[in-house]
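I opened the notebook today to look up a few spots in this fold. Here is what I went through, entry by entry.

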Amino acid sequence: MTTTVTIHIDGVPYAVPDGMNLVDAARIYAGVEIPIFCYHPKMKPVGMCRMCLVDLGFEVRDRATGELALNPDGTPQVRWGRKLETGCTTTVRAGMYVRTRTEQVQEARRDVLEFLLSSHPLDCPVCDKGGECPLQNLTMRHGPGTSRMAYDDKLHLDKHVPLGDLIYLDRERCIQCARCVRFQDEVVGDDVLAFHERGRRLQIITTSTPGFDTYFSGNTTDICPVGALTTADFRFGARPWELTNVPSISPHGPVGENIALSMRLDRDSGGVQVIKRVIPRQNEDVNEIWISDKTRFGHHFTLSPDRLREALARKRGELTPVALDDALKAAAKALKEAGNSVGFIGGPMTSNEDFFALRELAAHVGSRKLGLWPATLGDAAPAAEVGIASGSRLTELGKGDAVLVVASDLEEEAPIWFLQAKQAADRGAALIVANLRETKLDRYASRTVRYGLGGAVGFLDGAASDETLAQAANLVVFVGNEGLGADEHGVLLRAAANLLITTGHAGRRNNGLIPVWPGANTQGGFDLGFESAATRAMLQSAPDVLIVVGADVAETPAGAAALDAAKFVIALSLFPDATTAKADVVLPIQSFAERDGTFTNAMRRVQRFYTAQGPVGESLPAWQVIGLLGQRLGMDRPRRSAALVMKALAESVKLYAGMSYPALAEAAVQTPPIGISPGFYGGTAAAPTGGTGLQWPSKAESRAKLSVTPVEAPQAVHAGAGELVIVPLRRLYDRAPEFFASAVMHGRIPQPFVALHPSDAARLGAVDGGRVKLSAGGASLDVTAVVDATAPEGLALLPQRLAPGAFPQEPVAGRVEPVAEAVAAD
């Protein structure tokens with residue numbers, strides 16, 4: 001329990017938590033903003049900039065009796081310090097007195113600003129930070145009115161220095177606060193920035209190859225208190241006061257990062273609203289104030305020229321542009337003829353409203369074939385039973401707690417959870433990482449576990465006897481599906497539930513299971529009755545009509561075969577892909593930026609996103625397209641808005657009861673408060689306007705009796721003579737059209753490759769950097785071989801969605817054969 005103490009700030013008493021940072025205590029409890037540059041509440045205080053200098057004093061007590069020494073008027077005597085102290089490195093304690101407005105304090109602030117401005121360029125009119133710059137604000141409030149510095153003494157430095165291909169540095173603007181260096185070191189663990197030179201020539205450099213090699217580089221531009229760091233796709237693009245921030249949710253990954261889309265009418269785009277930048281939106285329950293570079297830079301697909309802009313229908317074997325009404329008529333005709341032999345498959349970027357519309361259409365035609373893509377996932381029931389409890393915050397895990405990560409490379413699959421697991425370990429939590437290969441999170445683990453292919457279930461089934469896990473005050477278990485088939489993934493999730501039930505951690509705050517699903521709304525699909533198992537059944541026996549929404553089913557051989565076997569395929573998609581190429585009717589749909597909707601993250605938090613830009617071409621929200629199709633089959637006309645769809649959903653789905661759009665728009669109070677204000681700068685993270693979401697409770701929270709279900713691992717895949725087991729991996733940066741449309745990221749997306757152990761490469765005759773052909777499941781890929789000593793022997797590690805062509809997405813035995821290089825003719 002937190003102890004409260006009384007401190008006095010500028011003569012006024014305040015009750016604040018004992019040991020709290022003085023800058024935070026003054027701002028949160030007293031409304032007094034002690035100005036800062038280098039301090040940030042998410043990092044350790046360093047006292048570098050000296051802007052937060054204050055006058056500190058303490059009550060005088062009699063050494064013999066411990067009684068307060070009083071002045072003649074009865075007030076406590078205060079012994080003031082001989083010099084000013086940095087507020088950011090001071091923690092509050094009982095009897096503390098603080099003065100923030102004395103002449104000595106004001107003079108110190110003027111001096112700090114005068115030194116900072118001595119060589120700072122006067123380019124505010126063209127600076128990206130202009131209008132949201134704390135140096136501007138604090139200079140106006142505390143700075144000198146005139147300059148005493150001679151222009152000839154100004155230090156001139158390089159102004160357009162690429163730290164990498166995403167972030168640019170203006171060395172003249174940098175005030176050496178070290179926020180960017182400390183963020184990369186303390187928060188991320190990628191120590192890729194450093195100081196170089198000394199004195200006035202001190203400057204930021206990158207120490208990695210390629211430059212600024214991290215998945216979180218854009219966050220440094222948010223927390224930079226001046227315009228020294230800018231992003232490649234926003235610099236000189238707009239002024240902050242021209243932008244309107246629209247609340248949204250990242251469409252990339254299971255975390256559900258809260259973001260704001262900074263919108264402006266853009267001349268170069270034909271005078272329409274465009275996303276000029278993506279910034280974090282504070283939600284301490286989800287992503288705090290951080291977002292991954294994929295989320296920040298991966299928005300350009302929303303206005304990609306490659307987007308589908310009109311409906312297509314197959315005529316004489318060719319897909320031809322047609323009117324939307326004609327495409328819907330053709331689709332409705334096929335559905336009427338199929339009866340109930342209709343299957344529905346939704347992808348991981350499909351919203352809850354879209355899933356609900358599909359569910360209603362399925363009920364109308366009498367089909368129960370509700371499939372979820374990808375088809376490689378297990379059952380979500382364990383997450384519903386013992387999923388992480390409502391109100392949990394990963395930021396609160398520390399000493400005495402435990403975090404277990406199984407079969408997942410968190411940095412590649414859910415970067416924000418990687419940060420939070422790493423920081424939990426930094427605070428003293430036991431971090432145990434179990435996988436069939438080495439991952440980056442191993443660096444911060446208390447213990448790593450290596451199991452062979454098929455060994456994940458056996459490890460987790462025996463984990464309850466591990467004292468570290470059993471005796472932990474709090475236990476959070478992340479479960480992915482790396483190296484697992486769908487059946488094994490389902491068993492592994494059940495084994496995780498057994499662990500939490502056996503150790504008594506289920507249903508308690510800051511405890512529970514977090515499945516590392518692919519995509520933004522896989523959990524929402526499960527919640528509305530869609531399952532990967534149903535998809536697998538349809539791939540085995542295709543219905544007469546397949547309706548596919550936001551999923552490239554043809555990216556696997558089984559999916560392509562099912563599309564060929566179906567008599568009629570209706571595809572709702574953002575982009576043309578292998579699935580739309582096989583479809584009979586193609587209907588364009590809107591992206592997350594063009595519509596209202598909700599996603600449910602893997603922690604079961606339902607969150608709203610809002611309309612930010614106009615529609616592309618003739619595209620409509622998927623739920624509306626599905627509703628128009630249903631109307632032609634005798635259903636009621638589509639609802640008028642996404643809000644009404646959500647209202648009907650909440651009335652039909654018990655888990656979502658009460659989750660109306662107004663309820664989801666309510667924002668919880670965020671501590672520490674981050675945002676732009678005259679005296680405190682935590683970064684360009686937006687306030688939680690638009691809502692912080694609602695989390696539906698797991699079954700364990702209702703104190704329902706839960707039982708342990710015995711598990712048995714399925715038979716592992718074995719390679720035959722001359723074969724390896726090819727294991728698909730998820731990479732953060734891939735060539736999916738929703739990400740590859742961001743040209744600024746092309747330099748970070750690897751070429752198609754497969755990682756091989758040196759002994760396997762030598763046996764097969766493969767060389768590092770040489771071409772190899774992978775063959776499995778009736779499919780083949782031509783990729784580059786990467787010889788990697790950390791790759792498990794006998795396995796070929798194949799990142800998905802890098803190479804064009806269909807290939808299995810589960811572990812499969814296959815051949816890896818060198819491709820002879822063509823010899824150039826003389």
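Before the first entry, a reminder to myself: helices (H or I, at least four residues) and strands (E, at least two) are DSSP runs, numbered from the N terminus. I also kept in mind that this is a predicted model.

**Entry 1: Gln-613**

I looked up where Gln-613 sits, and found it in the loop between β28 (605-609) and α19 (622-631). Is Gln-613 buried or exposed? Its relative accessibility is 3%, so I noted Gln-613 as buried, the cut-off being under 20%. I then followed its side chain, which reaches the backbone oxygen of Thr-302 at 3.2 Å. Leaving out residues up to four places away in sequence, I listed what Gln-613 touches: Met-263, Gln-273, Ile-275, Thr-302, Leu-303, Ala-593 and Glu-594. Thr-302 therefore turns up in my notes on Gln-613 both as a residue it touches and as the owner of the backbone oxygen its side chain reaches, with Gln-613 itself buried.

**Entry 2: helix α20**

I moved on to α20, which covers residues 642-652. Which residues of this helix are buried? I wrote down Ala-642, Val-645, Met-646, Ala-648, Leu-649 and Ala-650. I checked what these buried residues pack against, and the partners are two strands, β27 (597-600) and β28, along with the helices α8 (352-365), α19 and α21 (661-664). I recognised β28 and α19 from the first entry, where they flank the loop of Gln-613.

**Entry 3: Leu-493**

I found Leu-493 in helix α14, residues 486-502. With a relative accessible area of 1%, Leu-493 is buried. Setting aside neighbours within four places in sequence, I saw Leu-493 in contact with Asp-379, Pro-382, Val-479, Leu-513, Pro-515 and Trp-517. I also checked Leu-493 against Ala-704, which is 211 residues away along the chain; their C-alpha atoms are separated by 19 Å.

**Entry 4: a sheet of 3 strands**

I traced an open sheet with the order β7-β8-β11 and antiparallel pairing. Why is one side of β7 and of β11 left without a neighbour in the sheet? β7 (161-162) and β11 (229-231) stand at the edges and each has a single partner strand, so one side of each has no neighbour there. Between β7 and β8 (residues 167-169) I noted 2 bridges. Pro-162 has Tyr-168 of β8 as its bridge partner. I met Tyr-168 again when looking at charges: the charged end of Arg-235 sits over its ring, 4.3 Å from the centre.

**Entry 5: aromatic pairs**

How many aromatic pairs does the structure hold? I have 9 in my notes. One of them joins Phe-355 and Phe-530, with ring centres 4.8 Å apart and planes at 50 degrees, so I put the pair down as tilted. Phe-355 belongs to helix α8 and Phe-530 to the loop between α15 (522-527) and α16 (532-540), so this pair ties together parts that are 175 residues apart in sequence. Phe-355 is buried at a relative accessible area of 0%, and Phe-530 is buried with a value of 0% too.

I then took up Tyr-733 and Phe-739, whose centres are 5.4 Å apart and whose planes are at 15 degrees, so that pair is stacked. Both of these residues are buried. Ring pairs bring Tyr-215 into a cluster with Tyr-733 and Phe-739. My last note is that Lys-294 lies over the face of Phe-739, at 5.1 Å from the ring centre.

Note on methods: Residues numbered from 1 in each chain as written. Predicted model: local features only at pLDDT ≥ 70, side-chain atom pairs only at ≥ 80, totals over all residues. Heavy atoms only, no water. Buried < 20%, exposed > 50% of the residue type's maximum accessible area, 1.4 Å probe, protein only. Polar contact = N/O pair within 3.5 Å; in protein donor to acceptor, adjacent residues only side chain to side chain. Contact = heavy atoms within 4.5 Å. Pairing = 2+ DSSP bridges. Phe/Tyr/Trp six-rings, centres within 6.5 Å; stacked < 30°, edge-to-face > 60°. Lys NZ or Arg CZ within 6 Å of the ring centre and 35° of its normal.
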